[in-house]
Each structure stands twice: as structure tokens, then as C-alpha cells.
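Welcome! Take a moment to look over the chain below, and then follow this briefing through its sheets, helices and domains.

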Amino acid sequence: MHCDYLIKNGTVIDGSAHDAEPLKADLAVKGDRITAVGNLSNVTAEKVLDAKGYFVCPGFIDTHAHSEFTLLADGRAEGKICQGVTTEINGNCGLSAAPLYSQAFEQRQKDLEEFNIKERWNNFSEYFALLKKRGLAVNFMTLAGHGNIRASVMGYAGRKPQKQDMKGMLELLRDAINSGAGGLSTGLIYPPGVYAETEEIIELAKETALHGCIYTSHMRSEGDMLLEAVEEAVRIGFESKIRVHISHLKTSGGKKWGKLTDVLKLIEEAGLKGLKISCDRYPYTAGSTDLDAVLPAWVYEGGRGEEMERLKNSEVREKIKKEMPHSKDYYGNITIASVDSDKNKWMEGKRFSDICGALGKSSLEFIFELLIEEDLRVGAIFFSMNEDNLKNILKQPYTMIGSDSSARCFNGVTAKGKPHPRGFFFFF
Ligand SMILES: [Zn+2]
């Protein structure tokens, strides 16, 4: 037999079962198929790779990615490929590539400009056509973001949907699923997901379940109201009869670390009662998101323009301050990951405590000024988790590894800032 690639002398872990024994074997590849596994000493190949001392496994699935824009900017996905990821699940935390209509479309323009993406689209069919044209180094799967759906219909309004709104959202959801989205994701700390009540999500999740798709959630709280947030996810699962996946399960903030036992109990009990429930987690004790996630939810209402107005208004600022966390530790443990302006580039990779010390400013004043200067576009890393809890979560049989990161490359338009290392190293 002659094949394209022959991988010799490796230890094969085929992923068929979690307790399957590793197998010393050779592996033949022809085209895009594995054609033989075993002792292949009689096989010849265009290219032979000696894998002695290495494991040979199927490509890994990154179950929690945020690459909808970076892949369109640069399809090489080096940060993922170099650690063995060949498939990404995108569209997490309520934010997906589509649908993008009206205010949802407007709100994303800066993201597209940041990565020099010239193309524009409204729905998944158009987006997938662009991705295909671009060519990707990884397989791409996506969820439909509830944030996209809600903002496309209702903008960033902090109110309940009316009948007509609900109808519009259901239509967009159906269109997303029919175009290939594999489920519904929510981001219940971000605008506009933060304004959605449980009943709204249940209605959308019911529709999602009808198509055999899943529900994933960046929950409403990962700290103070963590248990209530897990209860909400479980309730959505039972009432919508849908499979539930909790995104980046964690206990955030020192005082909340003790809650993990109860969290795991809630998940296990729901599982015993028949709910199909799982979660993902990245192997780090620091998270990363937009810096403005530290602001109270009402500040985002109406979209970016209104958020900026509120931050610039000194009276409103005082009101915001009262509702923000006050502990010095909380802010001292934040690192700036990315900014847009050249003026503030020096802050990337530095801790708040050092930056504020250098500038002689309080943390809160610094946050307001930086968000205004950067037009809200500040990425931050939050050191808030506990290593023992991390290990405990990763050990659970229902936990999958997910980077919570976008695919970036070592050079080019996606190689910017000092992003969280999980985009390049997330397997132990
Ligand atoms: Zn998230």
C-alpha cells in the first residue's frame, strides 16, 4: 500500500473512550482520511514522520472559542493549530458572527475595523460564504448568539420584549439554525443579554430544542449570585427540554471560592433528574473580557454611544462608582490586555496597581478615563480564581476544555495586544 503520510512508531490515543489504552502503532493517511492503523512496516508513503516518543491523536476540539472575526481576518489560526486544535465551537457568550442587523450591526463595526475586515454581512449564510472564501486552517462550528438576535430586533434596550419583538427574535433564531448554527448561546452579564429575563430565554431555548440543538450560557453571575445563576441554567434546561452547557464554569472572587461544592451538587442533581448538562473550562485562574464588564448593567443601555455619554457625565459617574466593586484587591488584580490607541500601548501587559501608581490615579478614575480615551475598547485580564477549584472542575466527567479565546496568529493583523495566554497554551 502507498499513502500520502505515514506516521510511524507513535503512541496512538484515538479518543474512542476515555479509558481506552494507548496503542503503539503506525498510522497511514491518504487524502483527508486515515486509511490504516497498526504495524504498517510494509506501507510506503510520500512523507514519513517518525513519532517515536510522541502521542498521535485526533485533532482537539476547542469547545469554547471566540474567533468569528479573527478567523475572517486571518484564517491560519496558528495559536490553536500549534496546540493541536482542529475544530472550534464559536459564537459563545451571546456573541456570534450573525445575525447582525440594525443596532447589532452598528455595534460590531469597530471590531471589524480593528481586524481590517472589509466585508459586511447580516446573516449566517452570507457570513459562511465569506469564511469559505477566506479558507480556514480549522473546522468551524458556531452557536447563534442571543445578544446578536436581541440587538438585531430590539437594539440595546433594557426592557422586556413585546410580542412582536419575540416573533422577530424567533425568526432570526430559526434562520440561524437553518443556516447551520448548532445552538443558542447567552451572555447574561453583557448587553443586551443582561436585560433578558429567564422567561425570554426559555422561549428561545424551546425553539432551539425543537431543532435538536443545545443551549450554552455565560451565566448571569460567576461570583455573588453563582448558585442562583446555575439554578437559572438548570431551570431553562428542564422547562425548554434542552441540553445545557455552562460556559467557563468558575467561582470568581475570593469569598465565593467556597461555593464550588454546592455548584457541582446542583449540576449533578440536575443530571440525575435527567437533564443533559455539561460545562467547559480553560486551565487558568485568570479570566479575560472587556474592561467595561466591571460597570453596572444600566450603563450599557442603548448601546455604545449612550454608554460613552454616561461615562463622560461626572454626576452619572458618581452614581456608577457607588455600584462598582470597592475592594482594592479586586482592581489591583486586573491587567490591561489590549488598547486601541498608541498613547496607551505602554499599559498592555501591566497591572492596574502599577499603572495607577505611575499615573497617581485611583482605580475607578483610571477606568473611566481609559474607557473614554479608548472609546470603550479595552481588553482586560482578571486574576480572580482558585487553583484547587480549577482542578476540581477540570476533573469532572462532564467538563470539556475550552479556551474562551479567539484564534490568533504570531504575526499579522490578529497579533496585537498582550492577550490571555489561553489562546496559545490551554492544554496541560
Ligand atoms: Zn463568556
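Let's begin with one pair of strands: strand 9 and strand 10 (residues 183-187) run parallel to each other and are joined over two bridges. Two strands count as paired if DSSP finds at least two bridges between them. The strands (E, at least two residues) and helices (H or I, at least four) are DSSP runs, numbered from the N terminus. What you see is a predicted model, in which local features need pLDDT of at least 70 and side-chain atom pairs count only at pLDDT 80 or more, while totals for chains, interfaces and linings use all residues. Residues are numbered from 1 along each chain as its sequence is written.

**The six-stranded sheet**

- To find the pairing of strand 9 and strand 10 yourself, look for Ala144, whose bridge partner in strand 10 is Leu184.
- These strands belong to an open sheet of six strands in the order 9-10-11-12-13-17, with parallel pairing.
- Strand 9 (144-145) and strand 17 (399-401) are the edge strands, and each of them pairs on one side only.
- Helix 8 (residues 198-210) lies across strand 10 and strand 11 (214-218), and it runs at about 160° to strand 10. Axes here are lines fitted to C-alpha atoms, for helices over the stretch in contact, and angles run from 0 to 180 degrees between N-to-C directions.

**Helices that pack together**

- Two packed helices are described by the angle between their axes and the distance between the axes.
- Helix 6 (residues 146-154) and helix 7 (residues 163-179) have axes that come within 9 Å and cross at roughly 135°.
- Helix 6 and helix 7 are therefore oblique to each other. For such angles, under 35 degrees counts as roughly parallel, over 145 as roughly antiparallel, 65 to 115 as roughly perpendicular and the rest as oblique.
- Among the residues making this contact are Ile149 and Val153 of helix 6, together with Met169 and Leu172 of helix 7. Residues are in contact if their C-beta atoms, placed from the backbone, lie within 7 Å.
- Helix 9 (residues 226-240) and helix 10 (residues 260-272) pack at an angle of about 10°, with their axes 10 Å apart.
- Helix 9 and helix 10 are therefore roughly parallel to each other.
- Where they meet, helix 9 offers residues including Leu227 and Val230, and helix 10 offers residues including Val263 and Leu266.

**Antiparallel strands**

- Strands of a sheet pair through backbone hydrogen bonds, either parallel or antiparallel.
- Strand 2 (residues 23-30) and strand 3 (residues 33-38) pair in the antiparallel sense over five bridges, and Leu27 stands opposite Val37 of strand 3.
- A hairpin is formed by strand 2 and strand 3, with two residues between them; in its turn, Gly31 has a positive phi of about 60°.
- Another open sheet has three strands in the order 14-16-15, paired in the antiparallel sense.
- Its edges are strand 14 (286-290) and strand 15 (334-338), each with a single partner strand, so one side of each is left without a neighbour in the sheet.
- From one strand to the next, the twist averages 30°.
- Strand 15 and strand 16 (residues 379-383) are antiparallel and share four bridges, and Thr335 has Ile381 of strand 16 as its bridge partner.

**Domains**

- The chain is assigned domain 1 (2-56), domain 2 (60-285 + 388-423) and domain 3 (290-382), with bounds that come from an automatic or database domain assignment.
- The centres of domain 1 and domain 3, taken over C-alpha atoms, are separated by 51 Å.

Note on methods:
Two residues are in contact if their C-beta atoms, placed from the backbone, lie within 7 Å.
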